[in-house]
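The report below goes through selected features of a two-part assembly and gives the cut-offs behind each term as it comes up.

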Amino acid sequence: MHARRGAPGGIAAAAGLVFFLLAGSVMASEAASAGGGIQLDLQIESLLREDLDARGLSTRVQWTREGLSLEIRAERVELPAPIGTLRRLRVECGDLRLGRTEVRCEAARLWGDAGDLDLRGARVRLVWGRESGQLTLAGAWPGWFGASGDVRVHRDPARGWDVRADLDGIDLAALAASPRLPMELPVHLGQGRADVALRWRERGRSEGTLRVHDLAFSDDLGLQAGEELDARLWVAGDANGWDVEAAVTAGVVFVDPWFVDLDAEGPVVLEARGLVADADNGSARTDLLSLDYGAAAALQGQDLAFAPGRGLEGRVQAEIAALGVIYDTLLSPWLVGTPLGELDVAGHLAGEIELQDSMPRYMRAEWSGVEAQDRRGRFGLSGARGGLDWSDTVPGGPGRIEVDAAHLYGLPFDAFSAQVRARPQGLELLEATEIPILDGGLRVGAFSLQQTETGPDVQFQGGIRAISLEPLTEVLGWPRFSGQVAGMIPRVRLEDGDLNVDGRLLVQVFDGEVVLRDVYIHDLFGYAPELGLSTQIQRLDLELVTRAFDFGRIQGRLSGHVNDLVMVDWSPVHMDLELMTPMDAPGRRRISQRAVENITELGGGIQAAASSIFLRFFENFSYRRLGFRCELRGDVCTASGVADRPDDGFVLVQGGGLPQIQVIGYNRRVDWPELINRLATIQAGEGPVVQ
Amino acid sequence: MKALWSVPGLALVFALLAGCVTINIYFPTAAAEEAARAIVRDALQVPDSEAAPQSESGAQLPAQPRHAGAATGSTPVLAWVLERLVSPAAAQSPDLQIETPAINRIRASMRERAPQLAPHFRSGAIGFGNNGDVVIRDLSEVPLRDRSTVQRLVSEENSDRDSLYREIARANDRPDWERQIRETFARVWVEEAPAGYWYQDRNGQWRQK
């Protein structure tokens, strides 16, 4: 009975049956007198033990001059799973040798039918030490599941069971389809063969090697599937711990949403040393665990322990030599649909994580040579390097972030570095820094990012150190003009996904001033980023404006405002614009003939009160006032000018002196994109259409 | 001062007369359905000839810019020519606004993706979920190397659809309508899907059109 512990129940029960019948035959044969042939038949209706139910048993012992032969039959034997019901069991031993110390049968043969599997005269060698109690069963594998090889089962009362099996060419699809498999596989095996070399000892070190070739598997929906997979598993150890090496060396795997081509990325290798698993409570621990993902990444875990109630604990070190490979195969499928879902990435990252309750408690990371470029051109950075450590309870040590170059929608940032510190729920800047932008920069006096229950909370204080507009407009692809932008940003708030910029930015341009306020950005990396702001515009020099936009020539000043400007995808969809000749100190006011024509060109339905032929006699006209109002809603601009007329027109340019010119608009509903197109056409140098 | 007094006074009288009045802005079901139908047809690339007539209460869908009245005889030649060239703005008074740059961008992105998704809809690898998303139904017939591509397309499409439903609600200043918009779309996607496409019924069971 003792032998059954730890041995598969079925084998123990079968062995028990054999012992019992052998013992019976031995006693019977010894009782028989020597001389001529004796045949002894023993019929047993049924035999019941706790894990054995045998019916219709018969034993025949024949004692002839040639020797002793034995035949045991059973109509039906019930054994515990996975053996189950055996029918027509028959054991034949033609050369039974009964020694004083052992019973031996070198060429026993077995027949039986277990439904899906059967034995048809399988040859078995059987040795039983009568005194030592040792039992050996050995034979060729009966060809089940397409495999060939040898199996040897040995039992020593002192050392317990010792099983060796060397099987080649196991048909994994047939094995997976077998009802004898103790568990239901989550996938179907399409094909695959395996070789097994197993040495299992009840007491002592065991070792097993499994090699799988050309495996194909898939679940019902094809969300987990593999093809042409080669893998190997090596396990060695004893109750004190196991060493495991598992590797998938070739083939392709798709585990939704990840696809890994092992032929391209290199093998995935998992190694564990000193693995102890407790099947009863589902806990496991290992002294050392390593995972290699080709040459791209390597993880090493020390003293990892898992228990159902306590989660995963331990320390994991990671070395990612090819961040690009890891991003492409593992991160990007997971980040699809987010701003970080379409990047070209490269770089190196090394880090360490301490886990408790499956949650990180401490992390440290260092990175270098990191490149990340958005494929849609929204942002990018290159030459990033730095290091940071983080703990879940206290602020981390001083870390640094360095970047060689970066851009946001084409706005270039030069090299900068920042001293930062990770906090349990965020990040803070330790000392003021400046991110150079062209000849100026973004000064960051204070910055912190804190994750709160309601979302990320951003604190920012800084400003813009004068940036020249000429290079800025050039890199942004705008019409070039000179001037500069500067300002203070006392605060930046993040509310409902909107980035709100408090404070005022002063743009000094065209010898005047534009003050920007109430700036907000919504969905910065979405399909249609939205920028909102209001401006106050003071005394722009129209001569500089018209020169920059190549619009003819207008002398004079222009003041006004743009209230509630909303730009979606950098195009205005809403604003209340008003630009007028200022009342006080309007200065010299002249408008060239070409400017008049261009204004006429711009606003379809505008009527120049003087005929075009008349216009040609004069190069310049003086004007009293000019102005334009536009209430933009969507694509529609409801336009008006400096004054309304009784005929429903509105005055855009009110002449002064002689010859007097009036530019009058009649179309109050202007299509804004069309207006911009026409402005672009004028700038492209195409003259107005004059008939 | 008397006039000022009378305003709250009148309001009080009206309030008393009307009793307890709750003003609800109801979700414009018909308009939403029309809007969804237009967007869905566009995204599925259903030919216009198959388009059903629009209901009267429906949203005004992207219409051809309507020219305002012709220039009067007194308009000088130059301005007249320009007026012909520059189209006055199209009038829009939809019950449900679906014409915003963000929505247009999302629609363009979905339109661009449609030819890539179509074969997988036809093969039954993917189908319309009952929540207005695209759902993977059975990838077994898709070559293994292409499955992550299909998964990526589906994720991107769903990300676009999420943005679309949210943006329509936002464009109409009713973020709380997002759920109803999604429900409307979920129904219309299935209604407009070509025969042979798969969809999930209310219980999540797959059915084929």
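## Strand pairing and domains

In chain A, strand β28 (residues 440–452) and strand β29 (residues 455–468) pair in the antiparallel sense over 11 bridges, where helices (H or I, at least four residues) and strands (E, at least two) are DSSP runs numbered from the N terminus, and two strands pair if DSSP finds at least two bridges between them. The two strands β28(A) and β29(A) form a hairpin with two residues between them, and A:Thr452 stands opposite A:Gly455 in β29(A). On β29(A) there is also an antiparallel pairing with strand β30 (residues 483–489) of chain A, over five bridges, in which A:Gly463 stands opposite A:Met488 in β30(A).

This is a predicted model, in which local features need pLDDT of at least 70 and side-chain atom pairs count only at pLDDT 80 or more, while totals for chains, interfaces and linings use all residues. Residues are numbered from 1 along each chain as its sequence is written, and chains are lettered from A and ligands numbered from 1 in the order in which they are written.

The domain assignment of chain A gives domain 1 (1–140), domain 2 (267–430), domain 3 (432–505) and domain 4 (510–683), with bounds that come from an automatic or database domain assignment. Between the centres of domain 2 of chain A and domain 3 of chain A, taken over C-alpha atoms, the separation is 29 Å. Their contact takes 12 residues from domain 2 of chain A and 15 residues from domain 3 of chain A, two residues being in contact if their C-beta atoms, placed from the backbone, lie within 7 Å. On the side of domain 2 of chain A that touches domain 3 of chain A, β24 (411–413), β25 (416–423) and β26 (426–429) of chain A each supply at least two residues, and the largest share, four residues, comes from β26(A). By residue class, that side of domain 2 of chain A divides into seven nonpolar, three polar and two charged residues; here Ala, Val, Leu, Ile, Met, Phe, Trp, Tyr, Cys and Pro count as nonpolar, Asp, Glu, Lys and Arg as charged, and the others, Gly among them, as polar.

## Nonpolar cores

The largest nonpolar core has 43 residues, of which A:Ile591, A:Val596, A:Ile599, A:Leu652, A:Val653 and A:Val663 touch the most other members. Such a core is a set of buried Ala, Val, Leu, Ile, Met, Phe, Trp, Tyr and Cys residues joined through C-beta atoms within 7 Å; a residue is buried if 20 or more other C-beta atoms lie within 10 Å of its own, exposed if 12 or fewer, and partly exposed in between, with C-beta atoms placed from the backbone. Strand β41 (residues 620–633) of chain A gives the most to this core, with five residues. Domain 3 (432–505) and domain 4 (510–683) of chain A both give residues to the core, so it lies between them. Another core, of 41 residues, lies apart from it and includes A:Ala528, B:Ala36, B:Ile136 and B:Tyr165.

## Chain B

Chain B has six helices and four strands, which follow the pattern α-α-α-α-β-β-α-α-β-β along the sequence. Of its 209 residues, 37% are buried, and residues 24 or more positions apart account for 67% of the contacts in chain B with a separation of 6 or more. Helix α5 (residues 144–171) of chain B has 28 residues and reaches 41 Å from its first C-alpha to its last, close to the 40 Å expected at 1.5 Å a residue, the expected span being 1.5 Å times one less than the number of residues. B:Asp162 belongs to helix α5 of chain B and lies 8.3 Å from B:Arg182, C-alpha to C-alpha, with their positions 20 residues apart in sequence.

## Backbone details

Two residues of chain A other than glycine with positive phi are set out below, with the surroundings of each.

| Residue | Phi | Place | Other C-beta atoms within 10 Å |
|---|---|---|---|
| A:Asp214 | near 55° | strand β11 (residues 206–218) of chain A | 15, partly exposed |
| A:Phe510 | near 50° | loop between β33 (505–509) and β34 (512–522) of chain A | 24, buried |

In chain B, B:Asp173 takes a positive phi of about 55° just after α5(B). A cis peptide bond, with omega about 0°, joins A:Asp256 and A:Pro257, and A:Pro257 is found in the loop between β13 (241–255) and β14 (258–261) of chain A.
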